[in-house]
Amino acid sequence: MSFSNLVSDIAFRDSNADERGSTISHAQSRAARSYASTTATSVSISGDISSQLHAGYSHPLSRSWQAERQLTKEMLIYPLFITDNPDEETPIPSLPNQYRRGVNKLIPFLAPLIRKGLSSVMLFGVPLHPSAKDALGTSADDPSGPVISAIRLLRTRFPKLYITTDVCLCEYTSHGHCGILREDGTLDNAQSVDRIADVALSLRNRRRTLRVAHRVLLMSYSAKFSGCLYGPFRDAAGSCPSFGDRRCYQLPPGGRGLARRAIVRDMNEGADIIMVKPASSYLDIIRDAKDLAQDLPVAAYQVSGEFAMIHAGAKAGVFDLKSMAFESTEGILRAGAGIVVSYFTPEFLDWL
Ligand SMILES: NCC(=O)CCC(=O)O
Ligand SMILES: [Zn+2]
Ligand SMILES: [Zn+2]
């Protein structure tokens, strides 16, 4: 009889001990309870089993072993806002410690972070000149625009830095929506997808297709929910819609089924990474993504509103900033993410 058979046999006998009388030893009974409590939830167990869990949290190391995944520096992607004014460095009021920077400010800012272990950034373009915005988001693929200039610079100066770029039109459209609109103000999906694909190609220096451009990894914002949590980002990026909202092209917060369908669709279309955003209010969706896309890394974007809330809570004395930053991130990892896009990245590089 194998050990597990033996234990399950004991577990069975123990669970019926009240009626039949038990002859098993205390130690056996504990093993049996432990087995039963993890595998046979329908079996009711009498007696005090709480103390046997204590070993798991009585020591910092045994506590750390309880996590399937520990946060490491490599999991973090740091979002950056790049403006078209090369010398700019302006704090973003609603996004504590975050700045809009021009390309001339990037190297001095990033060099110390890279020394501390920063491995990846996500670039967002923030054109400040009103002339940079039109209905089609024409400047999104301007070769002299801020993002493409920043990519060139970072490639040269930090060859090991993993550069990711947001591909969207909202920073470049006069109406602030993420795609191309029809005359009645609704989103023209087919035209938008074509345009966004062109922008993606331009970020990869006009290779024929992204797939031909080897080593381009496609991270899909598969499960992007509409809602309140993007507010500070829109301040930062100047991408607030001038009318309406994004509810017709981002998921409704209650729409778990739609999110699951979007994840499966994107997986079938060849996404390399599935992203869920926001993160903390959508932990079930992160878990869904990990279950549905088992062979793909899952990323979670702890968005600007989540970051701002944690700062606001800490400032109000509700909790300690560092403890809360870790706790929220642990929740995101526990849900299933292996990559976290986070404005806390510079702090984590110090804390980890
Ligand atoms: N594509 C970028 C966003 O959707 C905004 C994220 C944020 O609010 O930080
Ligand atoms: Zn966006
Ligand atoms: Zn957008």
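Select S328 to begin: this residue is partly exposed because 19 other C-beta atoms lie within 10 Å of its own. Here a residue counts as buried with 20 or more other C-beta atoms within 10 Å of its own, as exposed with 12 or fewer, and as partly exposed in between, the C-beta atoms being placed from the backbone. The model is a predicted one, in which local features need pLDDT of at least 70 and side-chain atom pairs count only at pLDDT 80 or more, whereas totals for chains, interfaces and linings use all residues. Residues are numbered from 1 along each chain as its sequence is written, and chains are lettered from A and ligands numbered from 1 in the order in which they are written.

S328 belongs to helix α12. Helices (H or I, at least four residues) and strands (E, at least two) are DSSP runs, numbered from the N terminus. Add S280, Q302 and I310 to the selection; leaving aside neighbours within four places in sequence, these are in contact with S328. Two residues are in contact if their C-beta atoms, placed from the backbone, lie within 7 Å. S280 is 48 residues from S328 along the chain, and their C-alpha atoms are separated by 6.9 Å.

Next, display helix α11 (residues 304-315) together with helix α12 (residues 321-335): their axes come within 9 Å and cross at roughly 145°. Axes are lines fitted to C-alpha atoms, for helices over the stretch in contact, and angles run from 0 to 180 degrees between N-to-C directions. On the α11 side, select I310, H311, G313 and A314; on the α12 side, select L321, M324, A325 and S328, which complete the contact. By class, this contact has five nonpolar, three polar and no charged residues. In this scheme Ala, Val, Leu, Ile, Met, Phe, Trp, Tyr, Cys and Pro count as nonpolar, Asp, Glu, Lys and Arg as charged, and the others, Gly among them, as polar.

Move now to ligand 1 and select D166, C168, Y230, F233, Y301, V303 and S304, which surround it. A residue is near a molecule if its C-beta atom, placed from the backbone, lies within 6 Å of it. The shell around ligand 1 divides into five nonpolar, one polar and one charged residue.

Which residues does UniProt list for "active site"? The unreviewed entry gives K224 and K277. Although spread over 54 residues of sequence, they cluster in space, with a largest C-alpha distance of 4.9 Å. UniProt positions are given in the numbering used here, feature names are shortened, and annotations may be inferred rather than shown by experiment.

K224 lies in strand β6 (residues 219-224) and is buried, because 22 other C-beta atoms lie within 10 Å. Apart from neighbours within four places in sequence, K224 is in contact with Q250, L251 and K277. K277 is found in strand β7 (residues 273-277) and is buried, with 24 other C-beta atoms within 10 Å. With the same sequence neighbours left aside, K277 is in contact with Y221, K224, A300, Y301 and V303.

Finally, select T165 in strand β5 (residues 162-165). T165 is buried, with 20 other C-beta atoms within 10 Å. Beyond four places in sequence, T165 is in contact with M122, L123, V147, I151 and L203.

Zoom out to the whole protein: the secondary structure comes to 13 helices and nine strands, and buried residues make up 34% of the 352 residues.
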